[in-house]
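This briefing is meant to be read beside the structure. It treats confidence, strand pairing, burial and one surface feature in turn.

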Amino acid sequence: GVHLVLHEFLVGLQQLKKLEQVNETRIANTNFYTKKLAEFSEYLQLPEIKKGNRHTFYAYPITVKEKAPFTRNEIAIFLEQNSIETRPFFAGCMPDQPAFRDKPHRSVGNLAVSRRIRDRSMFIGCHQKITKKETQYVVEKIAEFIGKKKK
């Protein structure tokens, strides 16, 4: 009862003390990815943070551009084979989800952007426990994959 609620509250307060450090580490990881992966901007669309804004990423989004000589699935499979977890964008295009397909809904247009993001985007980790060595490894593997595909 009350003791459990109080305990959870106190644990939560301790976690809040760590929040700023967690956010700073995530931001550093995403800034590293953006800086190092910028050389592949011909093929990869990376996130941009507008000046004056701060973004603490849950995960780092990458979109494979249409002119890339590979698909999102190909790079995701390569990364997974090299122990780098990826995730597709959550839910993708909602009207295409089996749970919603036959439900009444309203869509404006053909949802081309939503479907492009669904098919061409993925997340990689930027968690605060990921080390500099691990982020460097991710960048090296992406570079290796793209280097092979460009030939």
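The points below concern a predicted model and are grouped by topic.

**Confidence**

- Averaged over the chain, the pLDDT is 88, and 93% of the residues score at least 70.
- Among the elements of the chain, helix H3 (residues 98-101) has the lowest confidence, with a mean of 73, whereas strand S1 (residues 44-45) has the highest, at 98.

**Strand pairing**

- Strand S1 pairs with S2 in the antiparallel sense over 2 bridges, and within this pairing leucine 44 has valine 64 of S2 as its bridge partner.
- Strand S2 (residues 60-64) is also joined to S4 by 4 bridges, and these two strands run antiparallel; here threonine 63 stands opposite serine 121 in S4.
- Strand S4 is likewise paired with S3 (residues 86-88), again in the antiparallel sense, over 3 bridges, with arginine 87 standing opposite phenylalanine 123 of S4.
- Read in sequence of contacts, S1 pairs with S2, S2 is bridged to S4, and S4 pairs with S3.

**Burial of the strands**

- Strand S2 is largely enclosed by the rest of the structure, because 5 of its 5 residues are buried.
- On one side of S2 the buried residues are Tyr60, Ile62 and Val64, and on the other they are Pro61 and Thr63, so that both faces of the strand are covered.
- Strand S4 (residues 121-124) is covered on both faces as well, with Ser121 and Phe123 buried on one side and Met122 and Ile124 buried on the other.
- Two residues named above for their pairing in S2 and S4, Thr63 and Ser121, stand opposite each other; Thr63 is buried in S2, and Ser121 is buried in S4.

**A nonpolar patch on the surface**

- Leu6, Leu10, Leu13, Leu16 and Leu19 together make a nonpolar surface patch of about 440 Å².
- One of these residues, leucine 10, lies in helix H1, which spans residues 2-37.
- Leucine 10 counts as partly exposed because its relative accessibility is 46%, a value that falls between the 20% limit for buried residues and the 50% limit for exposed ones.

Terms used: Residues are numbered from 1 along each chain as its sequence is written. This is a predicted model: local features need pLDDT of at least 70, side-chain atom pairs count only at pLDDT 80 or more; totals for chains, interfaces and linings use all residues. Side-chain values use heavy atoms; hydrogens and water are left out. Patches are made of residues with over 30% relative accessible area and no salt bridge: like charges are joined within 9 Å, nonpolar side chains (Val, Leu, Ile, Met, Phe, Trp, Tyr) within 5 Å. Accessible areas come from the Shrake-Rupley method with a 1.4 Å probe; for residues, only the protein chains shown count as cover. A salt bridge is a side-chain nitrogen of Lys or Arg within 4 Å of a carboxyl oxygen of Asp or Glu. Buried means under 20% relative accessible area, exposed over 50%, partly exposed in between (1.4 Å probe, protein chains only). Two strands pair if DSSP finds at least two bridges between them. pLDDT is the predictor's confidence in each residue, from 0 to 100.
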